[in-house]
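Here's a quick walk through one protein model, written for someone who likes to know the cut-offs. Have the viewer open and follow along.

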Amino acid sequence: MIFHGKTFTSKVPVREVCEAIAKYAFVTSPYPVIISAEIHCSAPQQEMMVAIMHDVFRDALVSAPVEGRPKLEFLPSPEQLKGRVLLKVNIICFVAGV
């Protein structure tokens, strides 16, 4: 579920939000969409979110190189990222006793 804490907004399923973004993201402009998210969930829940985003956005979702894969020498330009979705994440971890 996606929601904004301490507000009167309702909770919306992650899949519904991703489907709305996929449907309307490039109607006005072909340039990349950056989703900025603050994640307050467990690692298994994060994996579910990733699976949903891959399922909905498919090849439009930009995946950065991971360990064992070639590194990017240059960042792509907005022109090269037309029609793509980027995800910027802040993960909030709560550790007991800290």
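## The histidine in the second helix

At 38% relative accessibility, H54 counts as partly exposed, a label for values between the buried class (under 20% relative accessible area) and the exposed class (over 50%), using a 1.4 Å probe and protein chains only. You'll find H54 in helix α2. Leaving out neighbours within four places in sequence, H54 is in contact with L61 and S63, where contact means heavy atoms within 4.5 Å. H54 and C18 sit 36 residues apart in sequence, and their C-alpha atoms are 9.8 Å apart in space.

## Ground rules

This is a predicted model, so local features need pLDDT of at least 70 and side-chain atom pairs count only at pLDDT 80 or more, while totals for chains, interfaces and linings use all residues. Residues are numbered from 1 along each chain as its sequence is written, and side-chain values use heavy atoms, with hydrogens and water left out.

## Overall layout

The protein has two helices and two strands, and from the N terminus on they go α-β-α-β. Helices (H or I, at least four residues) and strands (E, at least two) are DSSP runs, numbered from the N terminus. Of the 98 residues, 17% count as buried. Among contacts in the protein with a separation of 6 or more, 65% are between residues 24 or more positions apart.

## The strand pair

β1 and β2 (residues 85–91) run parallel and are joined by seven bridges; two strands pair if DSSP finds at least two bridges between them. One of the partnerships is I35 in β1 with L87 in β2.

β1 has two faces: V33, I35, A37 and I39 are on the covered one, and I34, S36 and E38 are on the uncovered one.

## The nonpolar core

The largest nonpolar core has 16 residues, and those with the most contacts inside it are C18, M49, M53, F57 and V85. Such a core is a set of buried Ala, Val, Leu, Ile, Met, Phe, Trp, Tyr and Cys residues joined through side-chain atoms within 4.5 Å. α1 (14–24), β1 (33–39) and α2 (43–57) each supply at least two residues of this core, with the largest share, five residues, coming from α2.

Which residues does M49 touch, not counting those up to four places away in sequence? M49 touches V14, I39 and C41.

## Cysteines and rings

C18 counts as buried because its relative accessibility is 2%, and C41 also counts as buried, at 19%. A search of the whole structure finds zero disulfides, taking a disulfide as a pair of cysteine sulfur atoms within 2.5 Å.

Aromatic pairs come up empty too: the whole-structure search finds zero, with rings of Phe, Tyr and Trp (its six-membered ring) pairing if their centres lie within 6.5 Å. By plane angle, pairs under 30 degrees would count as stacked, over 60 as edge-to-face and the rest as tilted. There is a charge over a ring, though: K11 lies over the face of F3, 4.8 Å from the ring centre. That label needs NZ of Lys or CZ of Arg within 6 Å of the ring centre and within 35 degrees of the ring normal.

## A proline in a loop

P30 is found in the loop between α1 and β1. Is P30 buried or exposed? Neither quite: P30 is partly exposed, with a relative accessible area of 38%. Not counting residues up to four places away in sequence, P30 touches K82 and G83. P30 and P78 are 48 residues apart in sequence and 9.5 Å apart in space, C-alpha to C-alpha.
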